[in-house]
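I am opening a fresh page for a structure that is new to me. My plan is to look up a few things in turn and to write down what I find.

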Amino acid sequence: QVQLVESGGGLVQAGGSLRLSCAASGRSFNIYNMGWYRQAPGKEREFVASITWSGGNTAYADFVKGRFTISGDNAKDTVYLEMSRLKPEDTAIYFCNARLIGTLLFSDYWGQGTQVTVSS
């Protein structure tokens, strides 16, 4: 029903910045919120940030507060993650998430992920 495509990952030096994008496409869907998760080797997938589509309310994991900023473009069905002051421990595959409003229930969709590598 819905496809999510991430872009913007790459290799960056510690202390540098990177912007990730995720575009949603499909037919007849309404977004409740969109967000980002990440997964590093040997670790479980963890929440990074999210933004509600109606009010723009944001939420962040403690380990990225003050460094990452999430934003959304409702007209483009696209969410962004501005990452600054990157650390080697930020190295992970970053996955886009979209929670859609159904008739009675929410439905979650996931992108394929984009690799972020931070060198020391």
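Entry one, strand pairing. I looked up how β7 and β8 are joined, and in this predicted model I found 6 bridges between the two strands, which run antiparallel. Taking one pair as an example, I noted that Phe68 has Met83 in β8 as its bridge partner.

Entry two, the sheet around this pair. I then asked which strands make up the sheet and in what order they lie. I found an open sheet of 4 strands in the order β1-β3-β8-β7, with antiparallel pairing. β1 and β7 are its edge strands, since each of them pairs on one side only. I also looked up the angle between neighbouring strands of this sheet, which are turned by 15° against each other on average when direction is ignored.

Entry three, Met83. Going back to the partner of Phe68, I listed what Met83 touches once its neighbours within four places in sequence are left aside, and I found Gly16, Ser17, Leu18, Leu20, Arg67, Phe68, Tyr94 and Val116.

Entry four, the core. I wanted to know which residues have the most contacts inside the largest nonpolar core. This core has 32 residues, and the ones with the most contacts inside it are Leu4, Met34, Trp36, Val79, Leu81, Met83 and Tyr94. I checked which strands contribute, and at least two core residues come from each of β1 (2–7), β3 (18–26), β4 (31–39), β5 (46–52), β7 (68–73), β8 (78–83), β9 (92–101) and β11 (114–119). The largest share, 5 residues, is supplied by β9. As background I wrote beside this that nonpolar side chains in soluble globular proteins tend to be buried together.

Entry five, β5 and its partners. I turned to β5 and counted burial with a cut-off of under 20% relative accessible area; 5 of the 7 residues of β5 are buried, so this strand is largely enclosed by the rest of the structure. β5 pairs with β4 in the antiparallel sense over 6 bridges, and in this pairing Tyr37 stands opposite Phe47 in β5. The two strands form a hairpin with 6 residues between them, and Gly42 in the turn has a positive phi of about 80°.

Entry six, the other pairing of β5. I found 3 bridges from β5 to β6 (residues 58–60), and these strands run antiparallel, with Ser50 standing opposite Ala59 in β6. β5 and β6 also form a hairpin, here with 5 residues between them, and Gly56 in the turn has a positive phi of about 75°.

Notes
Residues are numbered from 1 along each chain as its sequence is written. This is a predicted model: local features need pLDDT of at least 70, side-chain atom pairs count only at pLDDT 80 or more; totals for chains, interfaces and linings use all residues. Side-chain values use heavy atoms; hydrogens and water are left out. A nonpolar core is a set of buried Ala, Val, Leu, Ile, Met, Phe, Trp, Tyr and Cys residues joined through side-chain atoms within 4.5 Å. Buried means under 20% relative accessible area, exposed over 50%, partly exposed in between (1.4 Å probe, protein chains only). Contact means heavy atoms within 4.5 Å. Two strands pair if DSSP finds at least two bridges between them. Axes are lines fitted to C-alpha atoms, for helices over the stretch in contact, and angles run from 0 to 180 degrees between N-to-C directions.
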